[in-house]
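Me: I'd like a close look at a single part of this protein, please. Here is what I have in front of me.
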Amino acid sequence: MSAGEPPRAAEGKGKLDLIKERLRAVEGFGDYPFADMTDLCLVPDIVIPPKFKVPNFDRYKRTTCPKNHLKMYCHKMGAYSRDKKLLMHFFQDSLVGAVVIWYTNLEASCIRTWKDLITAFLRLYQYNSEMAANRTRMQNMIKQESESFKEYAQHWRDLAAQVSPPMVEREMVTMMVDTLPVFYYKKLVGYMPSSFVDLVFIGERIEVGLKRGLWQERGITRGGR
């Protein structure tokens, strides 16, 4: 406010300046990248079938093989596998966290087709494919002291399911037994369970025996390999 300017005049000028500023903001909205709401959509002209119901997808969390995620996604969307725009649009529903942000930041000018989308997705998480479970990794796994037998078996089986080519039941049983601590190994190798379920059952029984101290009189301790 200048020295000779009345208070009311200064207040009125301030309000006028504020109104002008707001008008300029409204007038300039057309220059904003998202002025057209269709710019927010990767697939702006999608047509969703009237009876379509979004499947209950497993969400991708950036820690598993992206190829396997795509296979599961396409399996869930099997009835609409020919509708590429539908596949592109609802792929976001199979993502979570930072992967959703990646999807929303994709440029429609660069991602025009379903193939473009899956190529970008696979390229981004290629390192997970390279780190995917294989037979060598399965052979080198070790049961931690803090893990129960069932927890270790479940974790091992989950990773084994990602191995390609797939492992047969007998191979899984034999390989997992080879990764167990010495005491478990000695107890199991003579019997060699015929199924993974059988292996888990026997392993848990051995674990219970260890907790109860049934093997202590033979000088067996719980730890060590």
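To start with, does Cys 110 count as buried or exposed? And once that is settled, what covers the buried residues of H8?

Reply: Happy to help. This is a predicted model, in which local features need pLDDT of at least 70 and side-chain atom pairs count only at pLDDT 80 or more, while totals for chains, interfaces and linings use all residues. Residues are numbered from 1 along each chain as its sequence is written, and side-chain values use heavy atoms, with hydrogens and water left out.

Your cysteine comes first. Cys 110 counts as exposed because its relative accessibility is 55% (exposed is over 50%, buried under 20% and partly exposed in between, with a 1.4 Å probe and protein chains only). Cys 110 sits in the loop that runs between helix H4 (98–104) and helix H5 (114–124). Its C-alpha atom is 9.9 Å from that of Leu 42, 68 residues away along the chain.

Now for the setting of H8. The protein has 11 helices and zero strands (DSSP runs numbered from the N terminus, H or I of at least four residues for helices, E of at least two for strands). Of its 225 residues, 32% are buried.

Helix H8 itself covers residues 149–160, which is 12 residues. From first C-alpha to last it reaches 16 Å, close to the 16 Å expected (1.5 Å times one less than its number of residues). Its buried residues are Phe 149, Tyr 152, Ala 153, Trp 156, Leu 159 and Ala 160. They line one face of the helix, because seen down the axis they fall within an arc of 130° (taken from the directions from the helix axis to the C-beta atoms). The cover over these residues includes helix H7 (135–139), helix H9 (169–179), helix H10 (182–189) and H11.

The start of H8 deserves a pause. Glu 207, in helix H11 (residues 196–211), has a side chain that reaches the backbone nitrogen of Phe 149 at 2.8 Å. Beyond its neighbours within four places in sequence, Glu 207 is in contact (heavy atoms within 4.5 Å) with Glu 147, Ser 148, Phe 149 and Tyr 184. Glu 207 is buried yet has no salt bridge (a side-chain nitrogen of Lys or Arg within 4 Å of a carboxyl oxygen of Asp or Glu). Its nearest side chain of opposite charge, Lys 211, is 4.4 Å away (Lys and Arg count as positive, Asp and Glu as negative, and His and the chain ends are not counted).

Glu 147, in the loop between H7 and H8, is likewise buried without a salt bridge, with Lys 143 at 6.0 Å as the nearest side chain of opposite charge. A polar atom of the Glu 147 side chain lies 3.0 Å from the backbone nitrogen of Gln 144. Leaving out neighbours within four places, Glu 147 is in contact with Ile 142, Tyr 152 and Glu 207.

Finally, the structure holds three salt bridges. In one of them, the side chains of Glu 169 and Arg 157 meet at 3.9 Å, N to O. Glu 169 is in helix H9 and Arg 157 in helix H8, so this pair ties together parts 12 residues apart in sequence. Glu 169 is partly exposed at 31% relative accessibility, and Arg 157 is partly exposed with a relative accessible area of 29%. Another joins Glu 171 and Arg 135 at 2.7 Å, N to O. With Glu 171 in helix H9 and Arg 135 in helix H7, that pair ties together parts 36 residues apart.

Methods. Polar contact = N/O pair within 3.5 Å; in protein donor to acceptor, adjacent residues only side chain to side chain.
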